[in-house]
Amino acid sequence: MVRVMLKLNRWGGLRISELVALQLDCLRVNHTGGVWVEYYMTKTKDWRRFPLPEGLAQLLRDHQSYVRSIFGEEAHFMFRSLKRSSRVSEVIRPWSTAGLRNHTYKAFIRNGISKSAITGEYVSGASIHRSATLSARLSSTATGPRPKCRSSSRTDRRL
């Protein structure tokens, strides 16, 4: 799950707060069959939409199905916290921003990621988007140029 979160963060440039609050029904399919992520940005109080490469779109679809298979239609969050959610009590909570930063920082340490290839500065859990080592590990499914965004069409349908 965290790998999917980091890939989506790397591709879409979401703030950590936006990533952890992403709704389960955020995927859209347009009239040409392309998959988009659409979500509300609380900081700017506006909707944002960006296209996904097919490999990343498939990972998100699979994750979406997995979450629905465990929590059913009551699930609201794409990335629920394992420590803060419970199937027994039917409580579904997203990651906290601090929890994801902490988890990411520990993953950086375990995998020997310490410096940004872009700036040369030391990275921490909050610096998810900066590490070249992380980029190389995550880029296997999200490669190629990003397609240009077209204007939103209300004919899009939810996945």
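**View 1. How confident is the prediction along the chain?** This is a predicted model, and the protein chain has a mean pLDDT of 74, with 67% of its residues at 70 or more. Among the elements of the chain, strand β1 (residues 27–29) has the highest mean pLDDT, 94, while helix α5 (residues 132–138) has the lowest, 45. Over residues 129–158 the pLDDT drops below 50, though this stretch still has 58 contacts in the model beyond near neighbours in sequence. Where pLDDT is low, don't read the predicted coordinates in detail.

**View 2. Y39 meets F50.** Searching the whole structure turns up two aromatic pairs. Here's one of them: Y39 and F50 sit edge-to-face, 6.3 Å centre to centre, with 80° between the planes. Y39 belongs to strand β2 (residues 35–41) and F50 to strand β3 (residues 46–51), so the pair ties together parts eleven residues apart in sequence. Y39 is buried at 4% relative accessible area, and F50 is buried too, at 1%.

**View 3. Y40 meets W47.** These rings have centres 5.5 Å apart and planes at 65°, so this pair is edge-to-face. Y40 is partly exposed at 38% relative accessibility, whereas W47 is exposed at 52%.

**View 4. A charge over a ring.** Look for R49: its charged end sits over the ring of W36, 5.2 Å from the ring's centre.

**View 5. Helix α4 and its buried face.** With 14 residues (97–110) at 1.5 Å a residue, α4 should span 20 Å, and its end C-alpha atoms are indeed 20 Å apart. Its buried residues are L100, T104, A107 and F108. Seen down the helix axis, they fall within an arc of 105°, so they line one face of α4. I109 and R110, on the other side, are exposed. Just after α4, G112 takes a positive phi of about 70°.

Notes
Residues numbered from 1 in each chain as written. Predicted model: local features only at pLDDT ≥ 70, side-chain atom pairs only at ≥ 80, totals over all residues. Heavy atoms only, no water. Helix = DSSP H or I, 4+ residues; strand = E, 2+ residues; numbered from the N terminus. Expected span 1.5 Å × (residues − 1). Buried < 20%, exposed > 50% of the residue type's maximum accessible area, 1.4 Å probe, protein only. Arc of directions from axis to C-beta. pLDDT = per-residue confidence, 0-100. Contact = heavy atoms within 4.5 Å. Phe/Tyr/Trp six-rings, centres within 6.5 Å; stacked < 30°, edge-to-face > 60°. Lys NZ or Arg CZ within 6 Å of the ring centre and 35° of its normal.
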